[in-house]
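Reader: I am new to this structure and would like a close look at a single part of it. Please pick one spot and work outward from there.

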Amino acid sequence: MEESQEQQHLWWHQGIIYQIYPRSFQDSDDNGVGDLRGIIGRLDYLKWLGITAVWISPIYPSPMADFGYDISDYRGIHPLFGTMDDFDELLQEVHKRDMRLILDLVPNHTSSEHPWFLESRSSRDNPKRDWYIWEDPQEDGSEPNNWLSVFGGSGWEWDEKTQQYYYHAFLKEQPDLNWRNPEVQQAMFDVMRFWLDKGVDGFRVDVMWHMIKDKQLRDNPPNPDYQDYMATYERLIPAYSTDQPEIHDIVQKMRAVTDEYKERLIIGEIYLPVHRLVTYYGPDNDGAHLPFNFMLVNQPWDASTLALHISEYEGAIPPGGWPNWVIGNHDQPRITSRVGYQQAKVAAMLLLTLRGTPTMYYGDEIGMRDVPIPPEEVQDPQGLNMPDKDLSRDPARTPMQWDGSENAGFSNVKPWLRLPDNYKRVNVAAQRDDPYSMLFFYRRLIQLRQHEPALYLGDYAPVVTKGPLLAFLRRHGGKRFLVLLNLSHRPALFRSEHTIYAGTIVLATDPEREDRHVEKNISLSGDEGIVVALD
C-alpha cells in the first residue's frame, strides 16, 4: 500500500472498540449500579490496555423496561448514570487520552413514556399520530397481521382509548417509530446533531435493519427450521418486518448527517446473512461505515466453517468498505462460556489479527464467564417474558471484576446483578502483571496489532489447512505475518506442501513458545495460537 493510501485511513481503521455496559462497569455513588463517573475513573485502565474507542450502551432517561433501550428523552442523561455535566466531563477525559467516544443510538423505537408517544396515543387526530405505527384490527378484532415481538408474544398492542393497535418489535413499552414519516426522520437527525455538536465521535445504531417495515404489512412466513428451544420470535421469518429495501435510503441520510462533521462513525447493529449485511455499506459506500459483522458470534467454533465464512465476507465487502469483527456483546453469551478459557485466548488472537476493526466486550479481556442468575433474580425482560426458554441476557451483563475485594471493586454495596464465585481469582488486579493471564495476553496482542501496519491495515490472504487449524496471512509493504490457530483441544500439525512459511514466533497463547524459529511443518498444542513474523 502506498503511503498516500495509508493516510486515507481513518481512526477506526486502526482502532479497537471496547463496549461498556454502563450499569456494570464501575459504581461511583454506592447504589449498586455503574455510572458515568465510574467510567471516568477507569479510563486509565482502558488506555493502558490499548483501547482507542469506547462505546457506551444507552445512558439516556428511561423507565428502564429494557434497561435503557426504551428511551424517554434522547437529549438527556438518566440520573442513575449521572448528569449532563458528568457526560461532558467523560467526553473531555476520553478525548484527553486520545480515545474516541461512541454512543448507542436507538432510533427504531422509543419508550411508551416518551412525550412523542404520549401525544401520538392521545387521539387519532393528534399531529404525532403518524409518528408511530397504528393500525385497525382485522374484521374479527384480531391483530393487523402475525408479526411477533422479539421478546415474546405478539408484536401488536391494543390501545383501548383510540381503538387501534400499535406495533412494537420488542416490549409493548417500546413502540416502533414510523420511519416513513419525514418528521420522524428530521427529529432523529436533530438528535444526532445534538450529540455530534457536543463532540461524540459516532453512534452504534441499535437494530438498524428493523427501522422500516413493509408498507402493506404482509404476514411473515413460518420458519421451517424452528425448534422448540428457540425464542418464540423465531417461529416466523421476519421477511416483512425487517430489512426492507427503503432502509438503505434512511441509512444514507444518517450517514449524510455524520458527514457534516469530521471523521464521525456510524456502526449498524445488523443480524443478517453476509450478502444482505454488506448492502448496508451503501451503493457508493455512503451507508454505515461498519455494518456489524457477528460471524464470530453466530457461527460454530469450527476451523473449516470459520475459514469459509471469513473468505465469504472478505469477498463480499464492496470497494471502499472496511471490515469489522465482533466476538461478544450485551446480548450474547460471553466468548469464554461459548468456547472455554483456553480457546478464548485463541478467539482473542483471531479477533485482533483479522483485517478490520475489532470490537471487544468489557470483561472478555480477563476471561469473565456467564454468571448463573437464579430465576428469582432475573431482571432481563427477554428472560422474564420467556422463562421456559432460558434466554435471559443477565449472565453476560454482570459487574466488571476489578479486584478480589468485596463486590470485586465494582461497588461498596451489593451490585445490581450478582458476581461469580471465582471473582477473587478472576479479576484485573490478579491478572495485570501475570504473564500467563488472559489480560496480560490481551494487552500484548493489542500492542502487537497497534505497532504493526500489516495487522491493522494489511491485506488478508487465507492459507489452506486441514483439520482443526485456521491459518491466514497479513501483509503490508515488505512485512508478512502468518497467523496459525488450533481451534481444538488436541495437538495438530500445520503442513505446508507448496510454500515454506519460515519465521519467528512473535506472539503465542503460551509465552514459552515465543522467539522460536519455525519453518515448513509447524506443530501446535491444543488450544494454541501463534503469530509468526515471516523471514
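Author: Start with one pair of residues: Leu105 has Val205, in strand 7, as its bridge partner. This is a predicted model, and everything below describes that model.

The pair belongs to the contact between strand 3 and strand 7. Strand 7 covers residues 202-205, runs parallel to strand 3 and is joined to it by four bridges. Strand 3 itself spans residues 100-105. Of its six residues, five are buried, so the rest of the structure largely encloses this strand.

Strand 3 also has a partner in strand 2. The two run parallel and are joined by four bridges. One of the facing pairs here is Val54 and Leu101, the latter in strand 3. Between these two strands the chain passes through helix 5, making a right-handed β-α-β crossover. Helix 5, residues 84-96, packs on the sheet and touches both strand 2 (53-56) and strand 3. The direction of helix 5 makes about 140° with that of strand 3.

Now step back to the whole sheet. It is open and parallel, with eight strands in the order 9-8-7-3-2-1-11-10. Strand 3 therefore stands between strand 7 and strand 2 in this order, by the rule that two strands pair if at least two bridges are found between them. The edges are strand 9 (290-291) and strand 10 (324-326), each of which pairs on one side only. Follow the order towards strand 9 and you meet strand 8, residues 265-268, which pairs with strand 9 in the parallel sense over two bridges. In that pairing, Ile267 has Leu290 of strand 9 as its bridge partner.

A further sheet serves as a contrast. Three strands form this open sheet in the order 4-6-5, and their pairing is antiparallel. Strand 4 (134-135) and strand 5 (156-159) are at its edges with a single partner strand each, so one side of each has no neighbour in the sheet. Strand 5 pairs with strand 6 in the antiparallel sense over four bridges, and Asp159 stands opposite Gln164 of strand 6.

Strand 6 also leads to the aromatic residues. The structure holds 32 aromatic pairs. In one of them, Trp179 and Phe189 are tilted, with 6.1 Å centre to centre and 55° between the planes. Trp179 lies in the loop between strand 6 (164-167) and helix 7 (182-198), while Phe189 is in helix 7, ten residues apart. Both partners are buried: the relative accessible area is 1% for Trp179 and 6% for Phe189. Another pair, Phe194 and Trp195, is edge-to-face, at 5.0 Å centre to centre and 90° between the planes. Trp195 is buried, with a relative accessible area of 0%, whereas Phe194 counts as partly exposed at 24%.

Aromatic residues also gather elsewhere. One cluster is formed by Tyr18, Phe25, Tyr45, Trp48, Tyr361, Tyr362 and Trp402. Tyr362 of this cluster has the charged end of Arg334 over its ring, 4.8 Å from the centre. A further arginine, Arg23, has its charged end over the ring of Trp416, 4.3 Å from the ring centre.

To return to the starting point, Leu105 and Val205 are bridge partners where strand 3 meets strand 7 in parallel.

Key:
Residues are numbered from 1 along each chain as its sequence is written. This is a predicted model: local features need pLDDT of at least 70, side-chain atom pairs count only at pLDDT 80 or more; totals for chains, interfaces and linings use all residues. Side-chain values use heavy atoms; hydrogens and water are left out. Contact means heavy atoms within 4.5 Å. Axes are lines fitted to C-alpha atoms, for helices over the stretch in contact, and angles run from 0 to 180 degrees between N-to-C directions. Rings of Phe, Tyr and Trp (its six-membered ring) pair if their centres lie within 6.5 Å; planes under 30 degrees apart count as stacked, over 60 as edge-to-face and the rest as tilted. Buried means under 20% relative accessible area, exposed over 50%, partly exposed in between (1.4 Å probe, protein chains only). A charge sits over a ring if NZ of Lys or CZ of Arg is within 6 Å of the ring centre and within 35 degrees of the ring normal. A crossover is right-handed if, with the strands pointing away from the viewer, the path from the first strand over the helix to the second runs clockwise.
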